[in-house]
Amino acid sequence: MNTRTVKFASHGYSVIPRLICEQELAFTQELVTDLVDRYRGSEPTALSVGVAISDVSRQHPQRNPDIEPDRWKLEPFIIGDLLALDSRFARLLSQQSIWTCVAELLECAPSDLRFHFCNLTRKPSEIGPAIGWHRDAENKYFASHDGRTLRLLIPLQFMSARNGGTAVVPGSHIQIDTPIDAAFCPEVVPGACLALHSGTLHGGSPNRSEQERDVIVIQFGVCSSTLRYQANETLSLSTREDLLAFHQDTLERRIVDF
Ligand SMILES: O=C(O)CCC(=O)C(=O)O
Ligand SMILES: [Fe+2]
């Protein structure tokens, strides 16, 4: 086992430098800009898989103090099922570096890994809401019985405490009663990522800075796990090969359409 895997197992999180290359990052940023524009332009498919800043602010006013929900009905907080909205996200999701890294952290062969889902979670500058303290293992969207899932958070801008970065409580996946006072907000540069163990307590403050904070969240699991909850998202439970084939197919269809 390498040092990163040992540290991840004991701390419950890891900052992985240079997960994706500059070119991949730039491509993903373009896709996200497009997607956010589609949401702001009220495209029904984008709205149907999203949660607006207005929704979260109305539902949890304490998470977004002083923000008037009605002003932000077309500002996305979360956009889910990215592959359904733009098949080009398969290019990011099938990156070899991502699968190698996740297999290492979940201590399995890359062929045993499964993609669960991905989304875009945003804390827009000045109006981004806080995210309450939680453990992903307890979510009712996509979770396994054995807790062997992992989330990668890939920020598209520099992420830190200043712009509502994701704060983690180190060791809280092992020591269940670790106090939240022990939380720490790692700095993550674009192209790097924050990997989270499913049992690690995490959350984050509102973003009142002038910097955007867009994060691509990807959840992975292993093929041997049975699932407690399973969402119906495009290509859920795919292998890397399935995603590559989907991506290839999309490229060929685009060429034919052209
Ligand atoms: O966006 C964040 O800071 C956290 C997102 C998160 O907790 C999750 O997707 O599980
Ligand atoms: Fe989470």
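Here is a short walk through this predicted model, from its confidence scores to its ligand site and then to its first helix.

Let's begin with how far the predictor trusts its own work. The chain has a mean pLDDT of 97, and 100% of its residues reach 70 or more. For the complex, the predictor reports an ipTM of 0.99 together with a pTM of 0.98.

With that in hand, turn to ligand 1. The space that ligand 1 takes up is the largest pocket. Around ligand 1 you will find Thr121, Ile131, His134, Asp136, Arg151, Leu153, Thr166, His202, Arg213 and Val217. By character, this shell divides into 3 nonpolar, 4 polar and 3 charged residues. Two strands are worth tracing here: strand 5 (131-134) and strand 7 (149-155) each contribute at least two residues to the shell.

Now look at the oxygen atoms of the ligand. His202 places a polar side-chain atom 2.9 Å from an oxygen atom of ligand 1. For Asp136, the distance from a polar side-chain atom to a ligand oxygen is 3.0 Å, and for His134 it is 3.1 Å. As for cover, ligand 1 on its own has 290 Å² of accessible area, and the protein covers 95% of it.

Finally, let's visit helix 1, which spans residues 3-11. At its start, a side-chain oxygen of Asn2 comes to within 3.2 Å of the backbone nitrogen of Arg4. At the other end, just after helix 1, Gly12 adopts a positive phi of about 85°. Asn2 and Gly12 are thus good places to pause when you follow the chain through this helix.

Notes
Residues are numbered from 1 along each chain as its sequence is written. Chains are lettered from A and ligands numbered from 1 in the order in which they are written. This is a predicted model: local features need pLDDT of at least 70, side-chain atom pairs count only at pLDDT 80 or more; totals for chains, interfaces and linings use all residues. Side-chain values use heavy atoms; hydrogens and water are left out. pLDDT is the predictor's confidence in each residue, from 0 to 100. A residue is near a molecule or strand if one of its heavy atoms lies within 4 Å of it. A polar contact is a pair of N or O atoms within 3.5 Å; within protein, one must be able to donate a hydrogen and the other to accept it, and residues adjacent in sequence count only if both atoms are side-chain atoms. Accessible areas come from the Shrake-Rupley method with a 1.4 Å probe; for residues, only the protein chains shown count as cover. On a 1 Å grid over the protein atoms alone, a cavity is a set of points where a 1.4 Å probe fits but cannot get out, and a pocket is an open set with protein on both sides within 12 Å along at least five of seven lines; lining residues have an atom within 4 Å of a point. A molecule sits in a cavity or pocket if more than half of its atoms lie within 2 Å of its grid points. Helices (H or I, at least four residues) and strands (E, at least two) are DSSP runs, numbered from the N terminus. Ala, Val, Leu, Ile, Met, Phe, Trp, Tyr, Cys and Pro count as nonpolar, Asp, Glu, Lys and Arg as charged, and the others, Gly among them, as polar.
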